[in-house]
Amino acid sequence: MAADEAAHLLETRVLPVEVGDLGLFKAGSKSTSVDTWQLLQSASASYQTLKDAASYLQTSSIPVAFPTETVYGLGADATRSEAVKGIYRAKGRPSDNPLISHVCDLDMLRDILSAGERSGHGDLDPIPEIYKPLIDQFWPGPLTILLPNPPRSRLAPEVTAGLKSFGVRMPDSPLALSLIKLAGVPLAAPSANASTKPSPTTAQHVLHDLNGRIEIILDGGPCHVGVESTVVDGLCDPPVVLRPGGLSLDRIRQCRGWERTIKGYKDSSELGSAAPRAPGMKYKHYSPKAKVILCEGASGVHPSDIPSLHKDAGLPPSIPTSQPPALGIVRTRTWKPWGGLATGEWCRIAPCEDPQTISLRQASAGHAAPIEMREAKLYNLDDPPLQLAYLVEVELGTDMKDIAHGLFAALRDLDRRDVAAIFVEGVDDEGDIGAAVMNRLRKAATEVRC
Ligand code: TXA
Ligand code: MG
């Protein structure tokens, strides 16, 4: 049996971890806890689960899925080639795409940078000065920095995919940090989705994509941020943002040495032939099965979209059919209900009762209420009326954090309902994490309307 087939036969367990039960964190002897810290042993079941998962990571060539504040990651010991190859196998991801390494403190990062050649207190800090203000401000957090990979690096070559640099971040998740601490090695971890699918923001999303391909999913609840980290390169002049993400360009530019930071991503060129500098940016990504129609201008769903959906579903434009196509609508800031399909002009909308709550529940206080999903039947005005479509609408809210937080979950939940197409209301992509949201949506889109 081929290794790839065998990989589908694993028993996948989802193991809950309560962060509150993890035990005590103790700052190290240095001035800040970002430099180093300790996790004190605890008798809780959650601590034991993490400890077992950490031991598994030390020897296994099958990765472990775990939550971070951005999205769920699929982690493996970044220092062992066999372990890292396991990530590519489980995801079905091309191996020319480098992985981000995750560290629990700066001492772990210094160990990578000095490749075991640091001898004592007098050594210079191997972390380049340019990154210090960013690390001070934003670590732990949704920021990945690129650093030179030293000769005789501890990192397995599969992590960097042959590049001379490596990407690293310190996630802002007690669960992720504790797992790395207990494993005692940096964890290479891309998002824990099957290649090309939307990134997972709950353990259930991971299970959906990787069931049978991995053995352990650590469930720490939904991710707070909802889009991946921002990737920056500060070793060139001016510094560059290679991938927009959970930390905005504006905030990065406020740091000393980062005032002139430029965008190194261009959505149009990413889709074209020019080789992007963050190799992951060249693949079709974040895509549900359904056709995604991204509306960047104010226009909503148009009546003429309905016949074209019938056509996509292989149906004549307006015959009665027992199975009218289902249509997803994702609203953000300005669209009217049902994407603006106005009742009375040419159609009638009969909302179904009992809105369902989307599978994503908010992890903590400070976030909006759970996202609701509403359903309706769309009829024409004939007598008797014909049902033209089945509508499923998700309203993400107007706050950019809530939009980022719910986006991938909305795309996944609509996909599970087998909609033929998803109309998404775009947002302004300047400033805040709107750039990251629009970047992901353009990659998922089959059609972009301005
Ligand atoms: O939020 C995140 O960053 C998540 C969570 C799990 O931490 N991880 C994640 O990893 O999104 P991944 O592997 O899916 O994305 C890595 C991105 C890709 O766009 C990749 O090309 C870029 O970072 N990258 C990594 N190392 C690089 C390098 N040495 N040079 C240029 N780009 C690099
Ligand atoms: Mg990814």
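**View 1. Strands E15 and E19 run side by side in the parallel sense.** Let's start with strand E15, residues 326–331, and strand E19, residues 387–395, which are linked by 6 bridges in this predicted model. To find one of those links, look for Ile329: its bridge partner in E19 is Glu393. E19 also pairs with strand E18 (residues 372–380), but here the two strands run antiparallel, with 7 bridges joining them. Tyr379 is a handy landmark for this pairing, as it stands opposite Gln387 in E19. How many residues does the hairpin use to join E18 to E19? It gets from E18 to E19 through 6 residues.

**View 2. Eleven strands line up in an open sheet.** Now step back and follow the strand order: E1-E10-E4-E5-E9-E6-E8-E7-E11-E12-E13, with mixed pairing. Which strands stand at the edges? They are E1 (13–16) and E13 (262–263), and each has a single partner strand, so one side of each has no neighbour in the sheet. Further along, E11 (residues 230–233) and E12 (residues 240–243) run antiparallel and are joined by 3 bridges. Pick out Val231 and you can trace a link across to its bridge partner in E12, Arg243.

**View 3. Helices H3 and H7 both pack on the sheet.** Helix H3, residues 81–91, touches strand E5 (72–77) and strand E9 (187–188). The direction of H3 makes about 145° with that of E5. H7 packs on the sheet too, touching E4 (64–67), E6 (100–102), E9 and E10 (216–219). Compare the directions of H7 and E4, and you get an angle of about 140°.

**View 4. Helix H7 is mostly covered.** This helix spans residues 174–183, and 8 of its 10 residues are buried. Among them are Leu175, Leu177, Leu179, Ile180 and Leu182. Ala176, Ser178 and Ala183 are buried as well. Just after the helix comes Gly184, with a positive phi near 75°.

**View 5. Strand E8 is tucked in between E6 and E7 in the sheet order.** Is E8 largely enclosed or left open by the rest of the structure? It is largely enclosed, because 4 of its 5 residues (the strand covers 165–169) are buried. With E6, E8 pairs in the parallel sense over 3 bridges. One of the links runs from His102 to its bridge partner in E8, Arg169. With E7 (residues 143–148), E8 runs antiparallel, and 4 bridges join the two. Here you can look for Ile145, whose bridge partner in E8 is Val168.

**View 6. Helix H8 has its buried residues on the same side.** Which residues of H8 (residues 203–210) are buried? They are Ala203, His205, Val206, Asp209 and Leu210. These residues cover an arc of only 155° around the axis, so they sit on the same side of H8. As a rule of thumb, an α-helix has 3.6 residues a turn, so residues three or four places apart point the same way. The buried residues of H8 pack against E1, E4, E5, H3, E10 and helix H12 (400–416). After H8 comes Gly212, with a positive phi near 85°.

**View 7. Thr12 is a buried loop residue.** You'll find Thr12 in the loop between helix H1 (3–6) and E1. Its relative accessible area is 14%, which is under the 20% that makes a residue buried. The side chain of Thr12 reaches the backbone nitrogen of Gly212 at 2.7 Å. A polar atom of the Thr12 side chain also lies 2.7 Å from the backbone oxygen of Ile214. Leaving aside residues up to four places away in sequence, Thr12 touches several others, including Leu207, Leu210, Asn211 and Arg213.

**View 8. Lys291 and Val419 come together from separate parts of the chain.** Lys291 belongs to strand E14 (residues 291–295). With a relative accessible area of 25%, Lys291 is partly exposed. Lys291 and Val419 are 128 residues apart along the chain, while their C-alpha atoms are separated by 8.6 Å.

**View 9. The whole protein puts the close-ups in context.** Zoom all the way out and you have 13 helices and 21 strands. Of the 450 residues, 54% count as buried. Among contacts between residues at least 6 apart in sequence, 70% join residues at least 24 apart.

Terms used: Residues are numbered from 1 along each chain as its sequence is written. Chains are lettered from A and ligands numbered from 1 in the order in which they are written. This is a predicted model: local features need pLDDT of at least 70, side-chain atom pairs count only at pLDDT 80 or more; totals for chains, interfaces and linings use all residues. Side-chain values use heavy atoms; hydrogens and water are left out. Buried means under 20% relative accessible area, exposed over 50%, partly exposed in between (1.4 Å probe, protein chains only). Contact means heavy atoms within 4.5 Å. Two strands pair if DSSP finds at least two bridges between them. Axes are lines fitted to C-alpha atoms, for helices over the stretch in contact, and angles run from 0 to 180 degrees between N-to-C directions. The arc is that of the directions from the helix axis to the C-beta atoms. A polar contact is a pair of N or O atoms within 3.5 Å; within protein, one must be able to donate a hydrogen and the other to accept it, and residues adjacent in sequence count only if both atoms are side-chain atoms.
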